[in-house]
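Ever wondered how to describe the way helices lean on one another? Have a look at the model below, and then we'll walk through its helix pairs.

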Amino acid sequence: MSTCANCSQDRAEPGLDLCPVCEEAMRWDEAVSHVREAKSAYDGLIDTPGVNVTFALSHINSLLTRYANGERTARLYDEMIHVE
Ligand SMILES: [Zn+2]
C-alpha cells in the first residue's frame, strides 16, 4: 500500500504517485499549454535589452523535460501551474 502524493490517502496503487481521484483532478493538458505559452512569451523577450530570461527559460525547459519523461507528480503539476 502506498499513499497518494497529493491527498495522502491510501488509495494510490503501488508505483503511482497519485490516486485516481487526484490524477483526474489535475489538468495536465492545461498545465502544459500554460507552460508553453510562458515559454513563447519568454522566447520573444530574449533579445530585449535589460531583460534576463535565461533563468526563467531553463526552469521552464526543465519542467517540460520532466513532463516529457513521464513525470506526473503533484509537485511537478504545482510547479507548472505557477510558472509566470
Ligand atoms: Zn489523492
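Let's start with helix 3 and helix 4 in this predicted model. Their axes come within 10 Å and cross at roughly 140 degrees. To be called roughly antiparallel, a pair needs an angle over 145 degrees, and the ones left outside the named ranges count as oblique. Helix 3 and helix 4 are therefore oblique to each other. As for handedness, helix 3 passes helix 4 in a left-handed crossing. On the helix 3 side, the residues that meet helix 4 are L63, R66 and Y67, and their partners in helix 4 are L76, E79 and M80. Sorted by class, that contact has 4 nonpolar, no polar and 2 charged residues.

Now swap helix 4 for helix 2. Helix 2 covers residues 28-43 and helix 3 covers residues 54-68; the axes of these two come within 10 Å and cross at roughly 150 degrees. This time the angle is over 145 degrees, so helix 2 and helix 3 are roughly antiparallel to each other. The crossing is again a left-handed one. From helix 2, the residues V32, V35, A38, K39 and Y42 take part, and they meet A56, L57, I60, L63, L64 and Y67 of helix 3. That makes 10 nonpolar, no polar and 1 charged residues in the contact.

What about helix 2 and helix 4? They pack at an angle of about 45 degrees, with axes 8 Å apart. That makes this pair oblique too, and its crossing is left-handed. A31, H34 and V35 of helix 2 make the contact with Y77, M80 and I81 of helix 4. Here the classes come to 5 nonpolar, 1 polar and no charged residues.

Here are the three contacts by class:

| Helix pair | Nonpolar | Polar | Charged |
|---|---|---|---|
| Helix 2 with helix 3 | 10 residues | no residues | 1 residue |
| Helix 3 with helix 4 | 4 residues | no residues | 2 residues |
| Helix 2 with helix 4 | 5 residues | 1 residue | no residues |

So which residues make up the largest nonpolar core? There are 6 residues in all: A31, V35, I60, L63, Y77 and M80. Helix 2, helix 3 and helix 4 (74-81) each supply at least two residues of this core. Take A31 as an example: setting aside its neighbours within four places in sequence, A31 is in contact with Y77, M80 and I81. In soluble globular proteins, nonpolar side chains tend to be buried together.

Technical notes. Residues are numbered from 1 along each chain as its sequence is written. This is a predicted model: local features need pLDDT of at least 70, side-chain atom pairs count only at pLDDT 80 or more; totals for chains, interfaces and linings use all residues. Axes are lines fitted to C-alpha atoms, for helices over the stretch in contact, and angles run from 0 to 180 degrees between N-to-C directions. Helices (H or I, at least four residues) and strands (E, at least two) are DSSP runs, numbered from the N terminus. Angles under 35 degrees count as roughly parallel, over 145 as roughly antiparallel, 65 to 115 as roughly perpendicular and the rest as oblique. A crossing is left-handed if the near helix is turned anticlockwise from the far one by less than a right angle, and right-handed if clockwise. Two residues are in contact if their C-beta atoms, placed from the backbone, lie within 7 Å. Ala, Val, Leu, Ile, Met, Phe, Trp, Tyr, Cys and Pro count as nonpolar, Asp, Glu, Lys and Arg as charged, and the others, Gly among them, as polar. A nonpolar core is a set of buried Ala, Val, Leu, Ile, Met, Phe, Trp, Tyr and Cys residues joined through C-beta atoms within 7 Å. A residue is buried if 20 or more other C-beta atoms lie within 10 Å of its own, exposed if 12 or fewer, and partly exposed in between; C-beta atoms are placed from the backbone.
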